[in-house]
Amino acid sequence: MKHSILSMICLFAFTLLKSKNMVDSLYIPKYNTQNLLKTQEFFCDACGCAAGNGSSGFESLLNPQFIGIKYFSQHYKAKENLFTNELTQDQYFNTIQIWGKIPITKKLSVYGSLPFQLHEKKTLQGNIRINGIGDASLMGIYHILNSKNTFHQLNGGLGVKIPIGKFDEKGISGVNPSFQLGTGSWDYQIALNYKFQENFFALLINTDYTIKTENKKHYQFGNQWNYAMTGFQRIWRNENSIISGKLGLQGEVYDWNKQFGEVMPRTAGSALYGKIGFEASYKKWSIGSEIMLPAYTNLASGDIEAKSRFGMFVNFGI
């Protein structure tokens, strides 16, 4: 499956390059033509710690200013028994999130999100579930550059994660200390988003870095770097609607966790995903969905293996 999705990505990229000679626009929203080429930033969705803080990878060309709701699920396999190398414990991270991006000025927008977490891990002693409000996020997004022919665009963002979600000190003793509702810490994020768009095709390149601080329990989750490249191809449109497909790669790198300033072993790692999905819009409404499968995974020094991710959203343009 991993090799298949990578082959699909290569084939899709070749098809997209051929599409540059077409002569129509990828997207022309009637309700907001002044912002039709802006893109909706993507940010971390889960609890803000290694292996549980995956980015959903949602980059959208539809409804650039919006309010909406998003669902994002992650599945991991973890080592439950320290005396064997077998990964037997299934862990599920589920997030239902209210989010939005609201324009303040012509070049400045504010992004915000508030998640509700529903996490579960299946252990030999029985299933363990936690649920509740997660950490809120707030970010200012500035429009840095837009070429006259609208082919190129660059946006930057500075943000903060507000520790609303509960942090349980007992949870850090497990193989995956990210089995939490929140980090208990104020964390800070820097993001860049570049877009190239021509005819039926758009390419988004995104990167963001999250600096995580020590919480009141003297635990500090490792800093996190996300990066992604996603191609969008318009499939169909009429006067009020549009459907686009997307395909890409997304990677995440996690630094070591620390407790009382000491590095916690077997907490760093990285993963690379292939993803495929779609977006559709009707007037001011847009929906989207995507599936992500790991091409490479080395989390917590091999104690945790990424399996799959799924996400979907419904937005209303403002």
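These are my notebook entries on what I looked up in this structure, which is a predicted model.

**Entry 1: the whole chain**

I began with the overall make-up. The chain has 1 helix and 16 strands. Of its 318 residues, 53% are buried. I then looked at the contacts between residues at least 6 apart in sequence, and 63% of these join residues at least 24 apart. For the surface, I noted an exposed area of about 14500 Å², with 64% of it supplied by carbon and sulfur atoms.

**Entry 2: the β14, β15 and β16 run**

Next I followed the strands towards the end of the numbering. How many bridges pair β14 with β15? I found 14, and the two strands run in the antiparallel sense. Alanine 271 is a handy marker here, as it stands opposite threonine 297 in β15. The two strands make a hairpin with 2 residues between them, and lysine 283 in that turn has a positive phi of about 55°.

β15 goes on to pair with β16, again antiparallel, through 9 bridges. Here I picked out glycine 288, which sits opposite phenylalanine 313 in β16. This is a hairpin too, with 4 residues between the strands, and alanine 300 in the turn has a positive phi of about 55°. I also checked what alanine 300 touches: leaving out residues up to four places away in sequence, its contacts are Arg266, Thr267, Ala268 and Gly269.

**Entry 3: the nonpolar cores**

Which residues build the largest nonpolar core? I listed 12 of them: Tyr76, Ala78, Phe93, Phe179, Tyr254, Ala271, Tyr273, Met292, Leu299, Ala300, Ile304 and Ala306. The elements that give two or more residues to this core are β1 (66–78), β14 (269–282), β15 (285–299) and β16 (304–317). I was pleased to meet two residues from the last entry again, since Ala271 and Ala300 are both in the list.

A second core stands separate from this one; it has 7 residues, among them Phe66, Tyr111, Met139 and Ile141.

**Entry 4: aromatic rings**

I counted 12 aromatic pairs in the structure. I looked closely at tyrosine 76 with phenylalanine 93: the ring centres are 5.7 Å apart and the planes stand at 90°, so this pair is edge-to-face. Tyrosine 76 belongs to β1 and phenylalanine 93 to β2 (residues 89–103), so the pair ties together parts that are 17 residues apart in sequence. Buried or exposed? Tyrosine 76 has 1% relative accessibility and counts as buried, and phenylalanine 93, at 0%, counts as buried as well.

I also noted a cluster in which ring pairs link Phe66, Trp99, Tyr111 and Phe313. Phe66 and Tyr111 are members of the second core, too.

**Entry 5: aspartate 135**

Where does aspartate 135 lie? I found it in the loop between β4 (126–133) and β5 (136–146). Its relative accessibility is 4%, so aspartate 135 counts as buried, the cut-off being under 20%. I then looked for what its side chain meets. One of its polar atoms lies 2.8 Å from the backbone nitrogen of glycine 165. The backbone nitrogen of threonine 183 is 3.0 Å from a polar atom of the aspartate 135 side chain.

**Entry 6: asparagine 81**

I turned to another loop residue, asparagine 81, which lies between β1 and β2. At 34% relative accessibility, asparagine 81 counts as partly exposed. It is 94 residues from valine 175 in sequence, yet their C-alpha atoms are 9.3 Å apart in space.

**Entry 7: β8, β10 and β11**

Back to strand pairing. β8 (residues 201–211) and β10 (residues 224–237) run antiparallel and are joined by 10 bridges. Asparagine 206 has alanine 228 in β10 as its bridge partner. β10 also pairs with β11 (residues 241–254), antiparallel over 13 bridges, where glutamine 233 stands opposite glycine 245. β10 and β11 form a hairpin with 3 residues between them.

**Entry 8: a three-stranded sheet**

Last, I looked at the open sheet of 3 strands, ordered β9-β12-β13 with antiparallel pairing. Why do β9 (219–220) and β13 (262–263) count as edges? Each has a single partner strand, so one side of each is left without a neighbour in the sheet. β9 is joined to β12 (residues 258–259) by 2 bridges, and glutamine 220 stands opposite lysine 258.

Technical notes: Residues are numbered from 1 along each chain as its sequence is written. This is a predicted model: local features need pLDDT of at least 70, side-chain atom pairs count only at pLDDT 80 or more; totals for chains, interfaces and linings use all residues. Side-chain values use heavy atoms; hydrogens and water are left out. Buried means under 20% relative accessible area, exposed over 50%, partly exposed in between (1.4 Å probe, protein chains only). Contact means heavy atoms within 4.5 Å. Accessible areas come from the Shrake-Rupley method with a 1.4 Å probe; for residues, only the protein chains shown count as cover. A polar contact is a pair of N or O atoms within 3.5 Å; within protein, one must be able to donate a hydrogen and the other to accept it, and residues adjacent in sequence count only if both atoms are side-chain atoms. A nonpolar core is a set of buried Ala, Val, Leu, Ile, Met, Phe, Trp, Tyr and Cys residues joined through side-chain atoms within 4.5 Å. Two strands pair if DSSP finds at least two bridges between them. Rings of Phe, Tyr and Trp (its six-membered ring) pair if their centres lie within 6.5 Å; planes under 30 degrees apart count as stacked, over 60 as edge-to-face and the rest as tilted.
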